[in-house]
Amino acid sequence: MKISLDWLKEFVAVTAGPKELKTDLTNLGLGVESLAGAPSRITGQGEAGLPTEANPSAQVSGDTVFEIEVTTNRPDCLSHLGVAREVATLYRLPLKRPRIELKESPALTNGAVSIEITDPDLCARYCGRVVRNVEVKPSPAWLVRRLEAVGLRPINNVADVTNYVLMDLGHPLHAFDLARLRASKIIVRRARPGERLRTLDGVDRLLASENLVIADAERAVALAGVMGGEDTEISASTRAVLLESAWFDPVSIRRTAKSQGLHTEASHRFERGADIEMAPLALDRAAQLIADIAGGEILGGILDVYPAPRVRPEIPLGAGEIVRILGYDVPAGEVERILGSLGFRMVSRAASPTGREGLSSSPSGGRPGAWIVTPPSFRLDVAREVDLIEEIARHFGFDRLPSRLRVATRRIGEENLPVQAGRREKESAVSNLLAGLGFYEIYTSSMVDPEENARFTNRPPVVLGNPLSQEASVLRSTSVPSMLHALGWNLDRGRTDLRLYEAGKIYVAKPASAGRRESATKPGGLPDERRVLTLGMSGARRDASVHEPERALDFYDLKGGLEALIEAFEASRLGFAAEGCAYFEPGFAAKFLLDGQPLAIFGRLASRLAREYKFSRDVWLAEVDYDRLLELPLRARSFRPFSKFPAVKRDFSLLVPMGTPYERVAEALAGARDEEVQSFRPVERLPEGKIFPDHYSLLLRVTFQSATRTLTSEEIAGAGRRLVEGLAPLGVRLRS
Amino acid sequence: MTIEEEVSKTLAELGVTEAPAVEALFAEVRAAMDSERQELVSRGAASSTEREKTAKALRDRWLGRKNGLLAHIDEKWLKPSSRELKPIVGRKFNELRQTSAQLEMEALIRDVPVRAKVNSSDPGSKDASFASTGQALSTATGTVAVTTKDSVAVEVTTAAADLTLPGYRRRLGSIHPITRVQREIEDIFLGLGYSIETGPEVETAYYNFDALNIPATHPARDDMDSLYVDAETVLRTHTSPVQIRALRKHGAPLYILAPGRVYRRDNPDASHSPMFHQIEGLAVDADITFADLKGTLDFFCRKFFGEKVRTSFHPTYFPFTEPSGEVSISCFVCDGAGSDAVGRSCRTCKASGWIEVMGCGMIHPDVLGHGGVDPERYSGWAFGLGIDRFAMVKYDIHDIQLFFQSDMRFLEQF
């Protein structure tokens, strides 16, 4: 909403400078988005010396225009009068109301036109006035300047007056060419099925029965509260004007404006709630101005159809509640001054013996700090005590209210959700660990292309009803394509050292049969949101340097990372399966299983996909079921005493039959180990060759150590022998 | 005198009373050891059995636990040495042990062609520590450090390297700026005793709008243009629905923080993204007032942006709070001046001196009611902030799209 400072001064004798006013308005909740000098066309001055925000006093025309961001609850501030009321309250100045003096002719409006409201649920009031013998022509300079200052285009003197009053008092008006209204009749009704109307913007509109229209005896002539019709528009030949000042139901106007895709100054105000008591005043003001600048004769009386006058609420307000909400006992005098100045009517309320909420007001006198407050008709947003308290807080000043720091008195994490408190710790542990392993965290979009998504999973994604684009029209049910794009983005930019991870979500739609249509207040059919941890790697394990040549990442880099990740948790019963799924390269993919269910699936992206995605290097992927991982406890840190006696390492060179994986060897070793065998690990593996056909050679490094004594060579030899003997069933033997 | 004879006498018996004499004595021992080692090395072509035998003999002669030369030196030279000589004797003895560790290695490396017998030193021997593989050393007190350093020293001296070359580094990854900022914010409130709650991103229109006083007919719904799944299901436009869910689940009192991803139907540009991240905070208790809102958010802003930051609160409108406010902080770059010392306008606060950082307010009684909490008994305050926006302000990022591009040139900076 553009507010001209000059215009504002017609209502309140504000002395504050533009900069000060800007700050003060912001502190009232009327955020000033920008501040500029008014357009200088009228004054005939050039561009030079245009005011800037830093130097607002340099206006060419002497006026300053504030662009105020008016929140949706304050339609009353969509006018100079409304903003002036706030300013007057702030600076403790009187609010000047425009003097309206009408010269009415003996001829009556009532005879010239008739008004009927057939749908009073959508139109609570309709006021009309007629001005005859007008001369339609361009507006005078002062009016043009005013309109241009607030960003409106001048049209003709009659239309300009309606716009002027709109900006002045905030009430939308409409002017019809009376001669074109068939039978001089106004009927406010819902549109008929198939009814059409060509609006002022030249668009031929098909109306629906939810659209309220203004009609004459035969047809719709305006889209009520939104826009007039072209046929009854004021033109140069117009001689008699019917002025409309009405009050339409906000919800209906909002629906119509939305469904017709038509947002106007009028609909903007009506859908937020206009001031129903302003309707006749605005009408008088407009009639007066038209008579002033377009000549003409104002017919006597207003035709005012107002079937059920509004009763304003009476809201009890107590000092105790003010303290309870604001933490400060705003002085009663200040409360009364603020609300009074804002147009609220206040009556002191007797104290009840039980306390602040006592409503049993006795007729004899009141007490300080207890009121019955009636909000003005233009404050539809104020309906409860707390709304009044907000008004007090606004004008008392948020920054003047006290401040105190309080700590929580109840932790739900400890009391009810033991897992929850630990969850964040686990997430931190995971991201710290992955960063330590050289992975960079990424965030990717949840909204993806459905076709690409479907290539990687059978899980149904969540389909959006109004997506921004086809490429972002479903919520992903797999995180793989997102990771591929992230890797591709960087590969395309020449990166050769990629390790990325994302702790994100996938969204799996519930099948339609699963009862999507539960009560809206009860979440039932919401999609399954699962957390997944996705790892992606490509390129070199480490870039080439003087210390080490470049070496490509391989399967075991990925597997090792996952092992480190999983080992951060207490994951007993962890299994392994050398199989992946469709988008992995066969022979380069595997799974970690927890209780037989996949916990992580990982491997090399299938080469057919790598080609399709135009990847220049191998891409390694892992998907971890993050929900399951986070259910596991973090590995407990508790100290286990270690042996005081020396450990001895011995290497065993084994020949293992082809087709016997290390896993089997390890299982057999674990079964055959003496307690002195502290650990073993493979340190070298040579593939089968000429010397040992059908076998591969495995160098096993074993650590022997006793908790109770220093082992003798004989004991070590014995333990080593038993270890090797344990491998005999597998056909494994010592290389001689 | 042979070495054996020398080491069977104390320094006093040898007439060594001054440091130079100690050094000379050790140099002699060292030379003997070196020559014996050389002999072993040069015998490379002999059979492995023989070489092993020689190596073992050499080890026993020098390093044997009871009768090795070093043990004698320890016993005869070091232990009884005078207080004046002890430091120099100790140092020299340690140097000798380092050399002997090399001897050990030389011997072992040439042990057998395969590595099968690496580290087969006698168990229980203190000398096993010379085998220099971390785990084995836990009992060899005193020797550990020396030995471990040894192997490093060996490598450095043999590499003949340019020490000014860059170090051998493992690359560390990084944690995304949004996660970083989220954690930082969470930490501040966790420190005040708040708990963390989450809610679904695909939300019912009821929780996202209606329960928060935004009926379908409300113009405020236009302010948050939503992406929807169907008439009753939307991608949540803010984290505020968690207020209702948490109140229903836990009741009052309640002090929570609800971080998460939210969606708006905005076309992506430098300052808009259809997907971004918010943190909702909420405190409901028997005597929560606007003062708690101010005090807590003031504390939070100082913790997050720095102690010198001032906060300012001004009214605004949210359907779910009453009164509603916005929090601005004095610019932490220009300190609220709007420009720097030479008058250039501040980019961070757009020359205004203030940065608007979040919305807040006293929870509307109807919202408490929708959460199943009696608004006559309890009151509460809530705030909502954009994590992405906080990260942009904190790290001076001017394009929100950078967060979601996964570009390494961006990620590497965090």
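The following paragraphs describe the domains, cores, helices, sheet and chain interface of a predicted two-chain model.

Local features are reported only at pLDDT of at least 70 and side-chain atom pairs only at pLDDT 80 or more, whereas totals for chains, interfaces and linings use all residues. Residues are numbered from 1 along each chain as its sequence is written, and chains are lettered from A and ligands numbered from 1 in the order in which they are written.

The domain assignment, which is of automatic or database origin, divides chain A into domain 1 (2–91), domain 2 (104–305), domain 3 (315–399), domain 4 (418–631) and domain 5 (648–734). Over C-alpha atoms, the centres of domain 1 and domain 2 of chain A are 28 Å apart. Contacts (C-beta atoms, placed from the backbone, within 7 Å) link 17 residues of domain 1 of chain A to 17 residues of domain 2 of chain A. On the domain 1 side, β1 (2–4) and α3 (80–91) of chain A each supply at least two residues, and α3(A) gives the most, with 3 residues; helices (H or I, at least four residues) and strands (E, at least two) are DSSP runs numbered from the N terminus. By class, this side of domain 1 of chain A has 8 nonpolar, 5 polar and 4 charged residues. Here Ala, Val, Leu, Ile, Met, Phe, Trp, Tyr, Cys and Pro count as nonpolar, Asp, Glu, Lys and Arg as charged, and the others, Gly among them, as polar.

In helix α11 (residues 332–341) of chain A, the residues V335(A), I338(A) and L339(A) are buried, meaning that 20 or more other C-beta atoms lie within 10 Å of their own C-beta atom, again placed from the backbone. Viewed down the axis of α11(A), the buried residues fall within an arc of 90 degrees (taken from the directions from the helix axis to the C-beta atoms) and so line one face of the helix. Their cover includes α3, β18 (345–348), β19 (370–374) and α12 (385–396) of chain A. Just after α11(A), G343(A) adopts a positive phi of about 100 degrees.

The largest nonpolar core (buried Ala, Val, Leu, Ile, Met, Phe, Trp, Tyr and Cys residues joined through C-beta atoms within 7 Å) has 153 residues, of which L500(A), F602(A), L621(A), L254(B), I256(B) and V284(B) touch the most other members. Strand β5 (residues 254–263) of chain B contributes the largest share of this core, 7 residues. A second, separate core of 96 residues includes V87(A), L169(A), V188(A) and L242(A).

Chain B has 15 helices and 10 strands, and 43% of its 414 residues are buried. An open sheet of 7 strands in chain B follows the order β1-β5-β6-β10-β9-β8-β7, with mixed pairing; strands pair if DSSP finds at least two bridges between them. At the edges, β1 (195–196) and β7 (311–318) of chain B each have a single partner strand, so one side of each lacks a neighbour in the sheet. Strands β8 (residues 321–330) and β9 (residues 354–363) of chain B run antiparallel and are joined by 8 bridges.

Between the chains, 86 residues of chain B are in contact with 98 residues of chain A. Helix α12 (residues 290–305) of chain B gives the largest share of the chain B side, 8 residues. That side comprises 42 nonpolar, 27 polar and 17 charged residues.

Terms used
Buried ≥ 20, exposed ≤ 12 C-beta atoms within 10 Å, placed from the backbone.
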